[in-house]
Amino acid sequence: MVEEDLIIRTANINDISQIMNLEIKSFDKGVRETEITYSNRLDVFKDGFLVLEHNNSNNSNNSNNINNNENKDEKNIIGFITSELWENVKENTEYCQKFNLNHNINKFHNDNGKELYISSIAISKNHQHKGYGNLLFNTLIDNMISKYNIKSIILIVSENWTNAIKLYTHNGFKEIYRINEFFNCNKGKFDGIIMKKELYSK
Ligand SMILES: CC(C)(COP(=O)(O)OP(=O)(O)OC[C@H]1O[C@@H](n2cnc3c(N)ncnc32)[C@H](O)[C@@H]1OP(=O)(O)O)[C@@H](O)C(=O)NCCC(=O)NCCS
């Protein structure tokens, strides 16, 4: 169920510190991407970088202490999604380098690309399982379809990220390829599952 007081908007450079906090909390060391990677994504393809903002109206009743910012509206970023537009990926041969974590968006992004690559998505832990991931994911896809000439959507997910796999499967994505032990984090090594959805024009 999606609540009110939520805004989905394109990200800007002032959001980077909140985005990085969310990145650190969402991904283990080893599968985490850097601030430079996220800043480049903003520079190169701002349309493909959305944040989900929660307007936290903090007007609680215990207003004795006037120094603790009660009644102040706080806007917290509780989710983000990033993407690139690719020329169709040549199966197998290009998979490894194109999906590499922290790859430079400048190398592969092309505004005329027909394949939308969703490079990352995260929702803050205390806001998960409320439909926000699904909302953010589909808002990005709808925006991209309305503005660009997209024929397919592709992403990579670790075999142990079960919530993410559920989200993608529910939205019609199918596994097309696996890269053995692509993700290496403190829990171990996990296969990278490449999932794809073809978009058919009506
Ligand atoms: C993956 C992630 C973004 C999902 O966020 P979320 O807000 O919890 O997602 P949602 O609430 O929209 O979807 C999760 C639930 O809705 C279900 N769902 C999602 N889309 C659906 C749809 N279109 N139809 C039916 N059910 C759907 C899922 O099965 C899941 O069910 P559950 O909550 O009962 O287990 C979040 O778990 C996360 O940030 N994880 C850590 C980072 C990560 O793994 N990112 C993925 C990188 S590839």
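Helices and strands here are DSSP runs: at least four residues for a helix, at least two for a strand, numbered from the N terminus. Keep that in mind. This is a predicted model.

So, how many helices and strands are there in the protein? There are 6 helices and 7 strands. Follow the sequence along and you read β-α-α-β-β-α-α-β-α-β-α-β-β.

Next, burial and contacts. The protein has 202 residues, and 26% of them are buried. Now take contacts between residues at least 6 apart in sequence. Of these, 72% join residues at least 24 apart.

On to the core. The largest nonpolar core holds 35 residues. Leu50, Phe80, Ile81, Ile118, Leu136, Leu155 and Met195 have the most contacts inside it. Two or more residues each come from α1 (16-26), β2 (49-57), β3 (73-86), β4, α5, β5 (152-158) and β7 (188-198). The largest share is from β4, with 6 residues.

Let me pick out Phe80. Set aside its neighbours within four places in sequence. Phe80 is then in contact with Ala11, Ile19, Leu22, Leu50, Val51 and Ala122. Find Leu50 on your screen too: like Phe80, Leu50 is on the list of core residues with the most contacts.

Last, the ligand. Which of the 20 residues around the ligand come nearest? They are Gln128, His129, Gly133, Asn134 and His170. Three elements give two or more residues to this shell: β4 (115-123), α5 (132-147) and α6 (162-170). The most come from α6, which gives 5 residues. By class, the shell has 10 polar, 8 nonpolar and 2 charged residues.

Note that β4 and α5 turn up twice. Both give residues to the core, and both give residues to the ligand shell.

Definitions and conventions:
Residues are numbered from 1 along each chain as its sequence is written. This is a predicted model: local features need pLDDT of at least 70, side-chain atom pairs count only at pLDDT 80 or more; totals for chains, interfaces and linings use all residues. A residue is near a molecule or strand if its C-beta atom, placed from the backbone, lies within 6 Å of it. Ala, Val, Leu, Ile, Met, Phe, Trp, Tyr, Cys and Pro count as nonpolar, Asp, Glu, Lys and Arg as charged, and the others, Gly among them, as polar. A nonpolar core is a set of buried Ala, Val, Leu, Ile, Met, Phe, Trp, Tyr and Cys residues joined through C-beta atoms within 7 Å. A residue is buried if 20 or more other C-beta atoms lie within 10 Å of its own, exposed if 12 or fewer, and partly exposed in between; C-beta atoms are placed from the backbone. Two residues are in contact if their C-beta atoms, placed from the backbone, lie within 7 Å.
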